[in-house]
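Visitor: I should like to be guided through parts of this structure, one question at a time.

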Amino acid sequence: MTDLKPHLIVIGNGMAGCRAVEEILVRDASRYRITIFGAEPRVNYNRIMLSPLLAGDKSFDDIVINDLAWYTDNAIDLVAGDPVVAIDRKIRTVTARSGRTESYDKLILATGSDPFIIPVPGRDLDGVVTFRDMDDVGAMLRAADAGGDAVVIGGGLLGLEAAHGLALRGMKVTVLHIMPTLMERQLDEAAAWLLKSELERRGQTILTGADTAEIHGHGKVEGVRLKDGREIPASIVVMAVGIRPNVTLARDAGLAIGRGIHVDDHMVTSDADILAVGECVEHNGLVYGLVAPLWDMCRSLADGLVASPSGYTGSVTSTKLKVSGIDVFSAGEFSGGEGCEDIVLRDAARGVYKRVIVKGDRLIGAVLYGDTQDGNWYFDLLRRQEDVAEIRDALIFGQAFAAGGGADANPNAAVAALPADAEICGCNGVSKGKVVTAIKGGACTLDAVRACTKASASCGSCTGLVEGLLAVTLGDAFEGERAAPTVCKCTSFTHEDVRRLILDKQLKAIPQVMQELHWTTPDGCSSCRPALNYYLLCAWPGEFVDDNQSRFVNERLHANIQKDGTYSVVPRMWGGVTNPTELRAIADVAEKYEARMLKVTGGQRLDIFGIKKEDLPAVWADLNAAGMVSGHAYAKALRTVKTCVGSEWCRFGTQDSTGLGIRIEQMTWGSFMPHKFKIAVSGCPRNCAEASIKDIGVICVDSGYELSIGGNGGIKLRGTDFLCKVATEQEALDYCAAFIQLYREEARYLDRTAPWAERVGLDYIRERIVDDAAGREALRARFLYSQSFMQDDPWAKRAAGEDYKLHQHLAEIRPLVTA
């Protein structure tokens with residue numbers, strides 16, 4: 001009777017193939033005679049537990065799913081270590097590598113996926129492995145036993161788990177990831193930064209933006225060379241850059257394939273007698289590289305073969321990182337977009353970051369770091385597409401709080417109900433009673449409460465509670481306005497708060513600032529990211545790496561975009577002085593690249609209009625060849641130093657204003673500032689260079705140099721304030737440097753010197769620059785130190801190929817190979 005049963009053959013003895021068989025057996029154990037072919041000489045084991053196996057937390061027996069007894073008990077013929085190499089659909093047979101041939105009535109393809117090997121020289125060297133099966137783990141364990149350096153190429157889920165295991169085995173591990181952040185498919189920038197920081201704290205070296213050029217060695221791996229020239233020693237290289245559905249058998253058999261094997265809702269391929277399941281399939285244009293969808297697929301497949309078909313409709317996936325002591329969870333969509341709302345909770349003290357994304361009263365995504373206990377609840381809400389409107393305000397606090405009716409509570413009423421000894425500010429140990437006493441004593445603003453009690457003055461997470469106490473205590477008299485504006489709606493901190501805390505807390509990365517200061521959005525916004533980028537560059541010259549994506553488009557492209565989509569280019573002319581060589585180069589560029597206009601600017605420069613984006617690097621290269629650098633006409637930086645001809649040519653000139661202007665510009669060019677910055681040097685009080693409406697104005701007189709600051713010739717005209725008079729050129733240079741650095745360190749981002757000077761007052765600036773000689777020298781020294789890192793011509797870098805994709809049309813940019 002057994003021989004009369006239809007013969008079901010499964011190609012693939014892995015998690016998908018065996019789970020499909022289990023689902024079939026549950027529905028009708030006697031329906032089929034079953035044979036399973038497997039490429040590995042082993043029983044079915046849990047591949048997602050290879051990471052704990054590598055780390056030493058599990059043994060092979062611990063990760064076995066189906067032991068030999070299971071195959072025997074269910075009369076399954078296991079053909080292990082003998083993979084199928086051919087399918088003949090006409091006579092319905094499969095042939096194994098050994099030559100064994102079996103006929104089938106129904107065939108299930110569960111061939112899984114193959115690791116993607118990046119096509120670099122040296123990829124075939126001994127010591128280059130992937131991380132997909134027990135053989136790979138064995139190779140990695142042998143390498144770990146020998147000790148040495150390991151390089152893992154790929155900072156995704158699998159790569160980080162491999163790196164963790166090798167590190168625990170005593171190897172010195174370097175992770176190379178081509179993208180700017182780790183696990184970019186599962187984590188947003190904030191969570192990825194926390195993860196990178198923790199892995200580095202554990203001793204791993206994490207290199208993002210690292211593009212592998214080659215793997216080198218004599219017969220075996222000795223190291224990896226990056227495209228930027230860096231070399232990392234290695235005795236083993238683990239490739240973990242992605243996977244591709246294994247469709248070789250299906251293609252050779254003539255089945256319909258795309259990225260994977262095409263299947264319908266019942267997992268049936270283009271051949272009615274052949275089904276497919278797992279990572280090898282493509283359903284409705286999607287392929288899945290995670291384990292959860294396999295279970296849904298297997299249920300639908302079994303229903304179709306044995307019971308009434310239920311139909312597979314796709315899967316929502318979630319991700320957890322299997323690295324001991326690091327809790328990471330991700331599910332759904334986290335890129336946001338139109339109609340989406342981010343809800344963010346940060347607890348810097350505990351290293352916790354939570355973000356949920358809501359669209360139309362439905363949860364569409366969640367990213368959790370440090371506290372993932374509500375991950376399953378969020379995933380269930382997401383998968384079921386439940387309406388979260390009623391728990392919207394409590395959603396970020398997790399299931400326990402939301403289920404307890406927290407969303408219905410009046411926040412101010414809840415604050416009012418707190419006892420007097422309730423802790424409001426954990427950082428500074430401030431109770432509700434102390435805050436209320438301060439408010440009743442006249443501290444009627446948030447800043448006043450901070451000054452009196454220190455509540456909300458550190459991490460800022462209790463700002464909402466303090467504002468609630470202000471509202472409850474003062475009633476209608478509390479307007480909720482602060483004397484100083486916050487950086488943006490992402491934070492309750494002012495610009496001054498953020499700058500102070502960056503220094504006090506030694507914060508040196510944008511995600512670190514957002515985490516430590518409890519930003520309420522995952523990645524900030526177009527207002528705060530450029531500001532933070534500037535504040536960090538100013539605070540940590542030579543340490544903080546400029547975040548190009550946090551700059552405005554003109555600064556990213558180092559040219560000014562015009563209304564027709566072309567760009568204008570302004571080369572620097574020191575002090576407004578040029579020469580025939582430079583003029584010929586400008587003329588040649590204008591003709592060669594069909595510039596539509598050459599315009600003399602008010603800052604004594606030549607502006608070349610109508611340059612196409614793709615031509616910018618070549619234009620810069622031609623101008624560089626003539627000795628010209630960027631004029632930074634697009635930047636929050638020094639724009640120009642305007643001069644008159646001074647004593648060398650003018651009969652009224654009292655000093656060499658042109659020479660001084662050139663020296664000032666050579667000292668200050670390339671500096672990054674809160675806003676654009678202009679300087680002028682006039683050779684006499686007739687002021688032909690218009691020094692009285694510049695950020696710094698120098699007017700030469702017979703007895704020295706008169707320095708003025710805070711002028712503006714824009715929409716709101718403002719004349720300069722007289723700062724002081726100095727006797728020598730060197731003093732003029734030193735005072736200019738000190739004033740610029742004071743402005744750089746204390747002004748709010750996008751403040752010109754005029755509003756900043758009005759806010760802090762001329763007396764304060766004189767006290768810092770004129771009266772305090774030691775302080776002035778310290779400011780000057782910090783400015784010159786910063787300039788030692790800033791005076792690199794960005795045009796030269798772009799002309800040499802840096803960030804070349806920014807200057808290409810989208811159609812010319814080849815996408816990365818992904819799986």
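**Two sheets and their helices**

Guide: Let us begin with a pair of residues in this predicted model. V224 stands opposite I232, a residue of strand β17.

Visitor: How many bridges pair strand β16 with β17, and in which sense?

Guide: Strand β16 covers residues 223-226. Strands of a sheet pair through backbone hydrogen bonds, either parallel or antiparallel. For β16 and β17, the pairing comprises 3 bridges and its sense is antiparallel.

Visitor: Which strands lie at the edges of the open sheet with the order β15-β16-β17?

Guide: This open sheet has 3 strands with antiparallel pairing, and its twist averages 20 degrees from one strand to the next. An edge strand here pairs on one side only. That description applies to β15 (212-216) and β17 (231-233).

Visitor: What is the strand order in the open sheet of 5 strands?

Guide: The pairing in this sheet is mixed. Its edge strands, each pairing on one side only, are β34 (638-643) and β38 (721-726). Neighbouring strands are turned against each other by 15 degrees on average, direction ignored. Read across the sheet, the order is β34-β35-β36-β37-β38.

Visitor: Which residue of β38 stands opposite I709?

Guide: Strand β37 spans residues 704-709 and runs antiparallel to β38. The two strands are joined by 5 bridges. Opposite I709 stands D721.

Visitor: Which strands does helix α23 touch, and what angle does its direction make with that of β37?

Guide: Helix α23 consists of residues 729-746 and packs on the sheet. It touches β35 (677-682), β36 (696-701), β37 and β38. The angle between the direction of α23 and that of β37 is about 10 degrees.

Visitor: What angle does the direction of helix α25 make with that of β38?

Guide: Helix α25, residues 762-771, also packs on the sheet. The strands touched by α25 are β37 and β38. With the direction of β38, the helix makes an angle of about 20 degrees.

Visitor: How far apart are the axes of α22 and α23?

Guide: Two packed helices are described by the angle between their axes and the distance between the axes. Helix α22 (residues 657-668) passes α23 in a right-handed crossing. The angle is about 35 degrees, and the axes are 11 Å apart.

Visitor: How many nonpolar residues does the contact of α22 with α23 have?

Guide: From α22, the contact includes L660, I664 and M667, and from α23 it includes A732, L733 and I740. R663 of α22 and E729 of α23 also take part. By class, the contact has 1 polar residue, 2 charged residues and 8 nonpolar residues.

Note on methods: Residues numbered from 1 in each chain as written. Predicted model: local features only at pLDDT ≥ 70, side-chain atom pairs only at ≥ 80, totals over all residues. Heavy atoms only, no water. Pairing = 2+ DSSP bridges. Helix = DSSP H or I, 4+ residues; strand = E, 2+ residues; numbered from the N terminus. Axes fitted to C-alpha atoms, helices over the stretch in contact; angles between N-to-C directions. Contact = heavy atoms within 4.5 Å. Left-handed = near helix turned anticlockwise from the far one by under 90°. Nonpolar A, V, L, I, M, F, W, Y, C, P; charged D, E, K, R; others polar.
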